[in-house]
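Work through the following exercises with the sequence and the structure side by side. Try each task before reading its solution.

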Amino acid sequence: QVQLVESGGGLVQAGGSLRLSCEASGSTFRINVMRWHRQAPGKPRELVAGISSGGSTNYADFVKGRFTISRDNAKNTVYLQMNSLKPEDTAVYYCYAFTGSDRWGQGTQVTVSS
């Protein structure tokens, strides 16, 4: 099994930055794609960004140019650098890994004040 633990969330003013981290443990050799998703109150969970084991990335249109996903395979950690944050980015951010099955972290709250 793979366990995912997110960190780095918090409260920031609009225009500010945060960096989220997601550390994987357990059977990490099984991990292929890793992603960040988010869920705002009353809304469905949505994809933010993803990165393959080879480093290919993809982003939701609403974060392109503001967020950057990266991965340190030696540390089994994926990062999400979030710049130019907006109040509408407020959500619980979840780390996801595909290991042949879906694995999710517990989530970390990001709150952007106007």
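**Exercise 1: The overall fold**

Along the sequence, the protein runs through the pattern β-β-β-β-β-β-β-β-β-β-β. The model is a predicted one.

Task: Work out how many helices and strands the protein has, and what its radius of gyration is beside that of a compact globule.

Solution. Begin with the secondary structure, which comes to 0 helices and 11 strands. Next, turn to the dimensions: the C-alpha atoms fill a box of roughly 40 × 25 × 20 Å along the principal axes. A compact globule of 114 residues would have a radius of gyration near 13 Å, and because the protein has 13 Å, the two agree. Then consider the burial, where 42% of the 114 residues count as buried. Finally, look at the contacts with a separation of 6 or more, of which 52% are between residues 24 or more positions apart.

**Exercise 2: Salt bridges**

Task: Find which side chains R38 meets in a salt bridge, and decide whether R38 is buried or exposed.

Solution. Start from a general idea: side chains of opposite charge can pair when their charged atoms come close. In this structure there are 4 salt bridges, and one of them joins the side chains of R38 and E46, with N and O 2.8 Å apart. The cut-off for buried is under 20% relative accessible area, so R38, at 6%, counts as buried. E46, on the other hand, has a relative accessibility of 31% and therefore counts as partly exposed.

Now take the second partner, D89, whose side chain meets that of R38 in a salt bridge of 2.9 Å, N to O. This pair links distant parts of the chain, since D89 is in the loop between β8 and β9 (91-98) while R38 is in strand β4 (residues 34-39), 51 residues apart. Both D89 and R38 are buried.

For another case, look at D61 and K64, which form a salt bridge whose closest N and O atoms are 3.2 Å apart. Exposed means over 50%, so D61, with a relative accessible area of 63%, is exposed, and K64, at 52%, counts as exposed as well. As a last step, put the shared partners together: salt bridges join R38, E46, R66 and D89 into one network.

**Exercise 3: Two residues and their surroundings**

Task: Describe where T77 is found and which residues V33 is in contact with, leaving aside neighbours within four places in sequence.

Solution. First locate T77, which is found in strand β8 (residues 77-82). T77 has a relative accessible area of 7%, and it is therefore buried. A polar atom of the T77 side chain lies 2.9 Å from the backbone oxygen of K75. When neighbours within four places in sequence are left aside, the contacts of T77 are S21, C22, E23, S70, R71 and D72.

Then move to V33, whose place is in the loop between β3 (18-26) and β4. V33 has a relative accessible area of 21%, so it is partly exposed. Leaving aside neighbours within four places in sequence, V33 is in contact with I51, S52, R71, Y96, A97 and F98. To finish, compare a separation along the chain with one in space: V33 and G55 are 22 residues apart along the chain, and their C-alpha atoms are separated by 9.3 Å.

Technical notes: Residues numbered from 1 in each chain as written. Predicted model: local features only at pLDDT ≥ 70, side-chain atom pairs only at ≥ 80, totals over all residues. Heavy atoms only, no water. Helix = DSSP H or I, 4+ residues; strand = E, 2+ residues; numbered from the N terminus. Buried < 20%, exposed > 50% of the residue type's maximum accessible area, 1.4 Å probe, protein only. Polar contact = N/O pair within 3.5 Å; in protein donor to acceptor, adjacent residues only side chain to side chain. Contact = heavy atoms within 4.5 Å. Rg over C-alpha atoms; globule rule 2.2 N^0.38 Å.
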